[in-house]
Structures are given as C-alpha cells and as structure tokens.
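I opened this entry to note what I looked up around the bound ligands and among the aromatic side chains. The notes follow the order in which I went through them.

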Amino acid sequence: MKTEVAIIGAGPAGLLLGHLLRAEGIACVVLERRTPDYVLGRIRAGVLEQVTVGLMERLGLDARLKAEGLPHDGFNLADGERLIRIDLAELTGQQVVVYGQTELTRDLMDAAPERGLEVVYAAEDVALHDVAGDAPYVTWRKDGAEHRLDARFVIGCDGFHGPSRRMVPAGVGREYERVYPFGWLGIMADVPPCNHELIYANHARGFALASMRSQARSRYYIDVPVTERIEDWPDERVWDELALRLGPEAAAHITRGPSIEKPIAPPRSFVFEPMRHGSLLLCGDAAHIVPPTGAKGLNLAASDVHYAAEALVGFFKRNDPEAIAAYSARALSRVWKSERFSWSLTRLMHRFPEDGPFERAMQVAELDYIASSRAAQTAIAENYVGLPV
Ligand code: RFL
Ligand code: PHB
C-alpha cells in the first residue's frame with residue numbers, strides 16, 4: 001500500500017490530523033493498535049480550549065459539541081475558606097468548553113467513513129522504518145497477515161508509550177522530565193455537579209478538583225500518595241475527602257453516587273525535543289506530557305496537529321519543504337509555555353510532601369496576590385483559555 005502520510009495512533013491527535021489532511025485532499029492512513037471500543041473507553045480530558053473547538057468547527061464536526069458542550073466563562077481557585085474566581089470571559093473575551101475527550105473522539109471516529117478517512121484498528125506490532133530519509137514505511141500485522149504502507153511522512157500520534165518517539169536516535173533527541181510525588185485519583189459519577197464552574201482546591205489535606213461532563217455527570221479528583229492502592233479508596237472515602245477539601249460551601253452541594261470508574265494517574269511533566277526527525281513528526285502525548293492541573297494535554301495535542309497540518313499542506317500543496325523544517329520549533333514554542341503554566345498551577349495548588357513552612361507561605365502569598373490583582377488573574381486566564389497558535 002502507498003499513501004502520502006501515515007499516522008500512528010487514532011487518539012484525538014491522530015484522528016484530528018487525519019480529518020484535516022483529508023479536508024485538504026492529502027492522502028493518509030491512520031493505524032491504531034486498539035479497537036474503537038477500547039479507544040472510547042479511556043476517560044480522560046474534559047476541558048477544551050478555543051483552538052480545539054476551532055479545529056472541530058473548521059472540519060464541520062462541531063454539531064454535537066455545540067449542542068451538548070458546556071461553555072464556561074470562569075473557574076475557581078479555592079484556598080481554605082476563600083474562593084478566587086478567574087473570570088475568563090471578562091479578562092480574555094474567551095471561554096472554555098466542557099466536552100469529554102471520549103465525545104470528541106467519538107465525533108471524529110464516526111465521521112471517518114463518510115469523509116473517506118481510512119483508520120485501521122487492531123493493528124498489531126506497528127513498526128516504523130527508514131524515518132530519517134524521505135522514503136519511510138510502516139509495517140504491522142492484522143488478522144495474521146503482514147502489511148506494509150509506504151509514505152512520504154510518518155506522524156507519531158501514538159501517545160506517551162507509543163513507538164514513534166523511540167525512532168529518534170539517542171544522540172539527536174533530548175528528554176526533559178519532572179515526576180510528581182502524588183497521584184490523581186479520579187471519580188466519575190452520574191450525579192449533578194456541586195458547582196456550575198470548576199473548582200481547584202488547595203486544602204491542608206491535599207488537592208481537590210470539582211469538574212463535570214454534563215449537568216448530570218460529575219468528575220472529581222483528589223491527590224493521594226503515589227504508594228496508595230485503589231482498593232483502599234472505596235467511593236464513600238473519596239466523597240468524604242472531597243467534601244473536606246472542597247470546603248463547606250461546595251460540600252453542601254455535593255451529590256454522592258456510585259463511581260463509574262476510579263483510576264489513579266501519576267502526573268508528569270515531559271518534553272521531547274526535537275518534534276521532527278527526518279520524515280517523522282511527533283504530535284501530542286507522543287512528544288510531551290503535562291500534569292492535568294491546567295487541562296492542557298488534549299489541547300496541546302490539538303495545537304500540535306494544527307501546526308503539523310500547516311506544515312504538510314505547505315509541503316504537498318505549495319511545494320515548500322521549509323514548512324516541514326519549521327514544525328518542531330513552532331510547536332515547541334507553544335508546548336513549553338503550556339508546560340510552564342501546568343507546572344506552576346500544579347505547584348500552587350498541591351501540598352508537596354517535601355515542602356516546609358516557607359513553601360506553604362509562598363503558596364499563600366501567591367494566592368493572596370492572585371485574589372487582589374487583576375493582572376495576575378489575567379495571566380492565569382489567558383493561559384487557561386489557551387495561548388494563540
Ligand atoms: P492518546 O490519546 O494517548 O492517543 C494515542 C493513541 O495511539 C495509540 N497507540 C498506538 N497505535 C498504533 N501502534 C502503536 N504501537 C501504538 N501505541 C499507542 C493508542 O492506543 C492511542 O489510541 O494521545 P493523543 O492523541 O496525543 O491525545 C492526548 C490526550 O489524550 C491527553 O493529553 C489528555 O487526555 C490529557 N488530559 C487532559 N487534557 C486536556 O486537555 N484537558 C483535560 O482536562 C485533561 N484531563 C488528561 C486529563 C489525562 C488524564 N489521564 C488519565 C492521563 C485527565 C486525566 C486523568
Ligand atoms: C476533567 O474534567 O477531567 C478535568 C478538568 C480540568 C482539569 C483536569 C481534568 O484540569
């Protein structure tokens with residue numbers, strides 16, 4: 001088989017890129033190791049920036065997002081008794097939209113056949129070959145048969161654990177990493193949210209986040225020691241802890257219910273440079289990870305895809321190889337700013353085990369400053385709604 005662009009991974013990055021290329025008439029095939037149900041079963045992000053919404057609009061795939069997504073004009077930082085509201089709409093003129101990653105992925109998946117986007121699911125042992133040169137190819141096995149796809153470019157949208165990033169030789173690539181000393185325990189339940197906007201809380205007992213997927217489905221998180229086992233967190237214990245950490249006002253409005261799922265995810269900051277090697281471009285979690293505190297992971301995947309699509313359109317439609325050469329630096333400039341924001345919000349809102357009274361005093365001072373300064377609130381707001389691409 002032959003195509004122009006081989007895309008590894010049918011998560012949000014791979015499917016978005018595939019649709020953008022098809023809309024430009026550029027031939028591509030997406031290869032995914034899992035089944036569609038498995039991909040949709042991964043409950044992850046919930047907050048979309050305008051960049052991500054804009055890509056769905058451009059593709060004409062935003063009907064359900066517009067109908068079911070919840071536009072949010074602000075969010076809150078809770079510090080003990082106090083609630084500091086960050087008025088996104090007033091400070092930036094923009095909103096974020098609460099719409100689950102599962103729903104976004106489903107919209108992209110469902111539209112693939114009618115848009116002529118070929119996605120091969122359950123592709124085993126996907127391997128990349130000759131990516132340093134200009135005639136790369138990809139091999140895989142499916143239903144016992146071996147397959148080969150020749151392409152001009154291979155795009156690694158295969159997440160943090162995928163094979164693409166590992167194709168960049170050790171002397172060429174560089175990794176930056178920060179692992180955090182706690183895990184995020186998430187709980188999803190079919191109960192109304194405790195507040196109409198998100199609340200991020202820094203409490204003496206630890207971090208808590210009140211989020212949602214709809215008016216009838218809530219998503220909450222608390223941080224727990226990394227050594228903690230999920231068996232030790234029956235639902236009632238999680239609800240008790242949330243009620244304490246989110247403060248009395250939110251606690252009074254929490255509706256408890258059985259959890260639909262309850263994972264513990266270890267947050268991480270990670271950047272891999274460069275994001276291009278020869279004919280291989282990396283997008284999304286394949287190249288970088290942010291701690292979930294800033295709600296940036298999916299949105300960064302979308303902005304990478306925006307830059308990658310521009311680079312590929314430049315190459316195929318304008319015969320401009322410079323567009324490809326510029327990809328890594330363009331994407332990384334936005335990636336590092338989102339890394340900074342996610343790291344600083346994580347630092348501000350969590351009690352780190354190694355912190356002493358000085359570090360805690362710095363958190364209190366920073367939250368005081370944010371509460372009293374429109375400039376500080378604007379800086380948070382413009383990062384939260386997403387920096388321009
Ligand atoms: P994905 O979604 O991991 O998709 C990668 C795809 O590649 C496939 N794959 C392979 N395919 C073929 N061959 C192989 N060898 C392969 N190896 C892997 C995988 O099966 C998969 O289908 O990466 P992508 O597309 O870059 O998207 C990134 C986002 O999924 C991620 O950044 C976000 O979920 C992060 N995130 C959040 N991001 C936000 O923007 N806002 C949020 O509110 C938010 N909350 C979160 C989050 C992530 C979380 N977890 C569990 C990590 C909350 C949580 C709890
Ligand atoms: C979520 O709803 O899953 C969510 C929202 C905001 C975050 C992280 C996760 O910062």
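**Ligand 2.** I began with the residue classes in the shell around ligand 2, which divides into eight nonpolar, two polar and three charged residues. I kept in mind throughout that this is a predicted model, so I took each distance below as a computed value. Ligand 2 has 13 residues around it, and I listed Y200, S211, R213, Y221 and P292 as the closest.

I then looked up the polar contacts, and found that S211 places a polar side-chain atom 2.6 Å from an oxygen atom of ligand 2, while Y221 also has a polar side-chain atom at 2.6 Å from an oxygen atom of ligand 2. For P292 the contact comes from the backbone, where an N or O atom lies 2.7 Å from an oxygen atom of ligand 2. On its own ligand 2 has 280 Å² of accessible area, and the protein covers 96% of it. Two elements, β16 (206–214) and β17 (217–225), give two or more residues to this shell, and β16 gives the most, with three residues.

**Ligand 1.** I went on to ligand 1, which is surrounded by 31 residues, the closest being E32, R42, Q101, D285 and L298. By class I noted 14 nonpolar, nine polar and eight charged residues in the shell around ligand 1. The helices α1 (12–23) and α9 (297–318) each supply at least two residues of it, and α9 gives the most, with four residues.

Among the contacts to oxygen atoms of ligand 1, I recorded a polar backbone atom of P12 at 3.4 Å, a backbone N or O atom of A13 at 2.9 Å, and a polar side-chain atom of R44 at 3.0 Å. Ligand 1 exposes 1,000 Å² when taken alone, of which the protein buries 87%.

**Aromatic pairs.** I next turned to the rings, and the structure holds 15 aromatic pairs. I looked at F160 and F270, whose ring centres are 5.1 Å apart with the planes at 80°, so I entered the pair as edge-to-face. This pair links distant parts of the chain, since F160 is in the loop between β12 (153–156) and β13 (174–179) and F270 is in strand β19 (residues 268–273), 110 residues apart. F160 counts as buried because its relative accessibility, 16%, is under the 20% cut-off, and F270 is also buried, with a relative accessible area of 1%.

I looked up F182 and F352 as well, which form an edge-to-face pair at 5.3 Å centre to centre and 80° between the planes. Here too distant parts of the chain are linked: F182 lies in strand β14 (residues 182–189) and F352 in the loop between α10 (321–349) and α11 (357–372), 170 residues apart. F182 is buried at 2% relative accessible area, and F352 is buried at 3%.

Which residues do ring pairs link into a cluster? I wrote down F75, W184, Y200, F207, Y221 and Y384. Y200 and Y221 from this list had already come up among the closest residues to ligand 2.

**Charges over rings.** Last, I checked arginines against ring faces, and found the charged end of R152 over the ring of F153, 4.5 Å from its centre. R237 lies over the face of W233, at 3.6 Å from the ring centre.

Note on methods. Residues are numbered from 1 along each chain as its sequence is written. Chains are lettered from A and ligands numbered from 1 in the order in which they are written. This is a predicted model: local features need pLDDT of at least 70, side-chain atom pairs count only at pLDDT 80 or more; totals for chains, interfaces and linings use all residues. Side-chain values use heavy atoms; hydrogens and water are left out. Rings of Phe, Tyr and Trp (its six-membered ring) pair if their centres lie within 6.5 Å; planes under 30 degrees apart count as stacked, over 60 as edge-to-face and the rest as tilted. Buried means under 20% relative accessible area, exposed over 50%, partly exposed in between (1.4 Å probe, protein chains only). A charge sits over a ring if NZ of Lys or CZ of Arg is within 6 Å of the ring centre and within 35 degrees of the ring normal. A residue is near a molecule or strand if one of its heavy atoms lies within 4 Å of it. A polar contact is a pair of N or O atoms within 3.5 Å; within protein, one must be able to donate a hydrogen and the other to accept it, and residues adjacent in sequence count only if both atoms are side-chain atoms. Accessible areas come from the Shrake-Rupley method with a 1.4 Å probe; for residues, only the protein chains shown count as cover. Ala, Val, Leu, Ile, Met, Phe, Trp, Tyr, Cys and Pro count as nonpolar, Asp, Glu, Lys and Arg as charged, and the others, Gly among them, as polar.
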